[in-house]
Amino acid sequence: MRYSHYFIPTVKETPADAEVISHKLMLRAGMIRKLAAGIYNYLPLGLRSIRKVENIVREEMNRAGAIEILMPGVLPAELWQESGRWEMYGKELLRFKDRKDAEFCLGPTHEEIVTDLVRREIKSYRQMPVNLYQIQAKFRDEIRPRFGLMRGREFIMKDAYSFDVDEKAADLSYEKMYRAYRRIFERCGLNFRAVEADTGSIGGSSSHEFMVLADSGEDAIVSCSCCEYAANVEKAESRTVSTEHADPRPLERVATPDKRTIEEVSDFLGVQASSVVKTLILMADNEPVLALLRGDHDLNEIKLKNLLDCTDLEMAGDEVVAKLTGAPVGFAGPVGLSIRIVADLAVQGMRNFVTGGNAKDLHLKNVNIDRDFTATRFADIRNVVHGDQCPRCDAGILEMWRGIEVGHVFKLGTKYSKALKATYLDADGKEQIVFMGCYGIGIGRTVAACIEQNHDENGIIFPLPIAPFHCIISALNMKEEQVRVASEAIYEQFATAGVEVLLDDRDERPGFKFKDADLIGIPLRIVVGSKNLAEGNVELKIRGTGEVLLLPVAEAVAKVKEIVDQALKPV
Ligand code: 9G3
């Protein structure tokens, strides 16, 4: 490809509304252009990278035995009504009517659609296992689309769905996808972790997220310093702490004028935050519940919601707190209230602790479980923190990272197949329900996450497998006969050698070309200039390491080809 006849609108200045580096660089490198909030044009360089990721995904999905199909983006409401999800989703599901006033939505995901396809076509145990996948644009009307392709409203997803005769077979399909995902993200050159994750709104029994480690990541994950354990903080299990061995001291009322937060109370009373119990009042499906946590811990609402198995869980408003405790916010405590109490496991080991006194400006000291109040139940309802003991092995500690979710795999069980009556006849001719799994990868998000992990002050540093081109030839002055002849010759040789090459033949100064080459992040650069040519040489620069090699013209193509083949060697 010749730069002068291509379409790479690079810009020097950083766009104002871009907050994360990948968004800034994808705009500056002319990879994407915003059409509307969360909706982007993929320009040539951005599209080439997207296609590289899609092809790696396609190869590994096919290798895992999955079969590619393509489902529509416009989906009839009926199937979503059959599964009950038409009512379940709000404005995030973009709905519209066709000319006959029939209701449709733009597809955010395709569980219902693929299950409807399978319930019509798969009727025997002999036809399973089967895994159908597609690579296709999804639409989710996010309230706050941001970070470029990282959180768009229209985005390209690979979504796969597996169908099996029973749970055991479904577990095998899940394992196959899990391994395929590891290969995909390794081939994309990403530093990632597969973490245990909550199944969220999709339901199902368990799930793993594939997280690219980056400080700009919206998710918090932990991984053990010793064993393989890793989990999204939403799901990460805390380890029960040791029990304090102290005799219960007499309960004491203590005035704490206007001291409401853990910090204010522990400072005022001269105690550690870890010897204060935080009492939170929540409404679970409109029923009040008290959550007790050690003062230095935070509530994990997903754990509590799963524990209570409720649909809605939210913090009680100030007026509800006042009504239930007789005190303003900041003085709530478990003593004397007849509301169900869920206490975190760490509270179970505490003795003689401080809590709110359920009266304005009053706290209690030396509170003890069972003597002063009864907890309905003890459970792990807190967020783990950096440094917590690993819940799996006794040696490691949990290290906290920020992550960008690029993939998510779910065991769905029979949630959709039951709702849509996707059944098959087993070997005894008995009707059974199929077991499902679903598996997603954000294609654009994978490119963006790769840039979050691979950039410097000059721009993007693409890992070769997903770079828009393998090599760029920066011809310093195409007006000079020998530079033009040599550049054209090398360009032709690359083409025949199967190296994807961009020839920068523009009538621009060298510095201008070098800045663009660094910005768009092509991994290898050949510089053709008259000075080096006079000695029969060209310069090869490795973008990632900054290494510069002086090579005889005749060896340049072979050297680049060798580096490209090495980088693309199958894992
Ligand atoms: C919706 C809307 C948004 C959604 C969903 C449904 C997320 C929804 C979860 C999934 C689960 C898996 C297959 C590929 C991998 C992920 N956001 N999810 O179901 F109607 Cl508006 O999509 N689906």
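**View 1. Arg85, Thr109 and Glu111 hold polar side-chain atoms beside the ligand.** In this predicted model, a polar side-chain atom of Arg85 is 2.7 Å from a ligand oxygen atom. Thr109 places a polar side-chain atom 2.8 Å from a nitrogen atom of the ligand, and for Glu111 the distance to a ligand nitrogen atom is 2.6 Å. The ligand taken alone exposes 500 Å², and the protein buries 91% of that area (Shrake-Rupley method, 1.4 Å probe).

**View 2. A shell of 17 residues surrounds the ligand.** A residue belongs here if one of its heavy atoms lies within 4 Å of the ligand. Trp80 and Arg140 are among the closest. The shell divides into ten nonpolar, two polar and five charged residues; Trp counts as nonpolar, Arg and Glu as charged, and Thr as polar. Strand E8 (154-164) and strand E24 (435-442) each supply at least two of the shell residues; strands are DSSP runs of at least two residues, numbered from the N terminus.

**View 3. Cys471 has no cysteine partner for a bond.** The structure holds zero disulfides, a disulfide being a pair of cysteine sulfur atoms within 2.5 Å. The closest cysteine sulfur to that of Cys471 belongs to Cys450, and at 18 Å it is too far for a bond. Cys471 is also buried, at 0% relative accessible area, where buried means under 20% with a 1.4 Å probe and protein chains only. Cys310 counts as buried too, at 11%.

**Notes.** Residues are numbered from 1 along each chain as its sequence is written. Local features need pLDDT of at least 70 and side-chain atom pairs 80 or more, while totals for chains, interfaces and linings use all residues, and side-chain values use heavy atoms, without hydrogens and water.

Note on methods
Polar contact = N/O pair within 3.5 Å; in protein donor to acceptor, adjacent residues only side chain to side chain. Helix = DSSP H or I, 4+ residues; strand = E, 2+ residues; numbered from the N terminus. Buried < 20%, exposed > 50% of the residue type's maximum accessible area, 1.4 Å probe, protein only.
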